[in-house]
Amino acid sequence: MINGINGVRTLLSKFQKDLDTQEFEIYKILADEITVFAWGRFKHRIRPTDKIFESYWAIVCEVEDGKIKYFRGFEDTGALEASFRGD
């Protein structure tokens, strides 16, 4: 679980180190004053293994007082795990 600003910084730093984005598509964004839902597709090269990770994705995010109150991301975690394996 990611907690606080330092947790987000650590996660984003790991993304920058490990992922080389090849494609990133946003299919749709739905939003109101508080909540955003978006979905699409991406393709990353995983730097440590040089494998390709492709997945559809979706996120739900709620913002309150200028801060992220709730965030959930969905992607093919089985494909992610396989792309990080060195075998």
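Modeller: Before we start, a contact here means heavy atoms within 4.5 Å. On that footing, residues 24 or more positions apart account for 35% of the contacts in the chain with a separation of 6 or more. And do keep in mind that this is a predicted model.

Colleague: Thanks! What is the order of helices and strands along the sequence?

Modeller: The pattern reads α-β-β-β-β-α, with two helices and four strands in the chain.

Colleague: Why is Arg41 called buried?

Modeller: The cut-off for buried is under 20% relative accessible area. Arg41 has 15% relative accessibility, so Arg41 counts as buried.

Colleague: And what makes Glu23 partly exposed?

Modeller: Partly exposed covers the range between under 20% and over 50%. Glu23 has a relative accessible area of 32%, therefore Glu23 is partly exposed. Glu25, with 34%, is partly exposed as well.

Colleague: How do you know that Arg41 forms a salt bridge with Glu23?

Modeller: The rule asks for a side-chain nitrogen of Lys or Arg within 4 Å of a carboxyl oxygen of Asp or Glu. For Arg41 and Glu23 the closest N and O atoms are 2.9 Å apart, so the pair meets the rule. Arg41 lies in strand 2 and Glu23 in strand 1, so this salt bridge ties together parts 18 residues apart in sequence.

Colleague: What about Glu25 and Arg41?

Modeller: Their closest N and O atoms are 3.0 Å apart, and they form a salt bridge too. Here the parts tied together are 16 residues apart in sequence, Glu25 being in strand 1 and Arg41 in strand 2. Salt bridges that share partners join Glu23, Glu25, Arg41, Lys43 and Glu54 into one network.

Colleague: What makes Asp20 and Arg45 a salt bridge?

Modeller: With a limit of 4 Å, their closest N and O atoms at 3.3 Å qualify. The pair links distant parts of the chain, 25 residues apart, with Asp20 in strand 1 and Arg45 in strand 2. Asp20 counts as partly exposed at 22% relative accessibility, and Arg45 does so at 23%. By this rule the chain has ten salt bridges.

Colleague: Which residues make up the largest nonpolar core?

Modeller: That core has six: Leu19, Ala38, Phe42, Ile46, Phe53 and Trp57. Strand 2 and strand 3 are the elements giving two or more residues, and strand 2 gives the most, with three.

Colleague: Which residues does Ala38 contact, leaving aside neighbours within four places in sequence?

Modeller: Ala38 is in contact with Lys28, Ile29, Trp57, Ala58 and Ile59; of these, Trp57 also belongs to the core.

How values were computed
Residues numbered from 1 in each chain as written. Predicted model: local features only at pLDDT ≥ 70, side-chain atom pairs only at ≥ 80, totals over all residues. Heavy atoms only, no water. Core = buried A, V, L, I, M, F, W, Y, C linked by side-chain atoms within 4.5 Å. Buried < 20%, exposed > 50% of the residue type's maximum accessible area, 1.4 Å probe, protein only.
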